[in-house]
Amino acid sequence: MLECHAMPRIYKSAPIEERLLNSSSPEPMSGCWLWTKATTRGGYAVMRTGSKTDGTCQDQFAHIVSYRHFRGPIPIGLELDHTCRVTCCINPDHLEAVTHRTNVLRGKSPTAGNAQKTHCPNGHPYDLRRICSMCRCEAQKRRRIMTNAA
């Protein structure tokens, strides 16, 4: 009987562009390149780059790899924003290098939602400090009336 010894698998990695295109599916209506491989809990595309043999193997966000491959380096101090709002999209045309503040304010977080508000819950416009002067004035009048009545 022949003994079989498991041979270590040797993978020859395909070029980055080929891996990006083969691991995504173009969505014709939006133009997104939807990642079909591993994603984070937040839906961001993840891919392994580098080599295990030379110790450069690491997981990276695929949209960052895509941007760097097709557009070039991301400027220092900036991060990528999905202008299409689809986190698993790796289309470099849908990625824009912006400040962290801009990225957060464009998003769907409570901070972004509050920053987009222009009027108070009563419909009055906010002033430059994002305070409703009319509601504040009415509250001060009520306090004065209560103080004088006591």
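## Briefing: an extended chain with two buried helix sites

A compact globule of 150 residues would have a radius of gyration near 15 Å, yet this chain comes to 26 Å (taken over C-alpha atoms, with the globule rule being 2.2 Å times the number of residues to the power 0.38). Please keep in mind that this is a predicted model, where local features need pLDDT of at least 70, side-chain atom pairs count only at pLDDT 80 or more, and totals for chains, interfaces and linings use all residues. Residues are numbered from 1 along each chain as its sequence is written, and side-chain values use heavy atoms, leaving out hydrogens and water.

**Overall build**

- Along the principal axes, the C-alpha atoms fill a box of roughly 105 × 35 × 30 Å.
- The chain has five helices and six strands, where helices (H or I, at least four residues) and strands (E, at least two) are DSSP runs numbered from the N terminus.
- In sequence order, the pattern reads α-β-β-β-β-α-β-β-α-α-α.
- Of the 150 residues, 24% are buried, meaning under 20% relative accessible area with a 1.4 Å probe and protein chains only.
- Taking contacts (heavy atoms within 4.5 Å) between residues at least 6 apart in sequence, 30% join residues at least 24 apart.

**Surface and charge**

- About 11,300 Å² is exposed, and carbon and sulfur atoms supply 57% of it; the areas come from the Shrake-Rupley method with a 1.4 Å probe.
- The chain carries 21 positive and 12 negative charges, whose mean positions lie 13 Å apart.
- In that count, Lys and Arg are positive and Asp and Glu negative, while His and the chain ends are left out; the charges are placed at NZ of Lys, CZ of Arg, CG of Asp or CD of Glu.

**Around helix α2**

- Helix α2 (residues 62–70) contains Ser 66, which is buried at a relative accessible area of 0%.
- A polar atom of the Ser 66 side chain sits 2.6 Å from the backbone oxygen of Ile 90.
- Setting aside neighbours within four places in sequence, Ser 66 contacts Leu 20, Trp 33, Arg 71, Ile 90 and Pro 92.
- Buried alongside Ser 66 in α2 are Ala 62, His 63, Val 65 and Tyr 67.
- The cover over the buried residues of α2 includes α1 (16–22), β2 (33–35) and β5 (79–82).
- Gly 72 follows α2 and has a positive phi, near 115°.

**Around helix α4**

- Ala 112 belongs to helix α4 (residues 110–115) and is buried, with a relative accessible area of 0%.
- Not counting residues up to four places away in sequence, Ala 112 touches Val 104, Leu 105 and Gly 107.
- Arg 101 is 11 residues from Ala 112 along the chain, and their C-alpha atoms are 9.6 Å apart.

Methods. Buried < 20%, exposed > 50% of the residue type's maximum accessible area, 1.4 Å probe, protein only. Polar contact = N/O pair within 3.5 Å; in protein donor to acceptor, adjacent residues only side chain to side chain.
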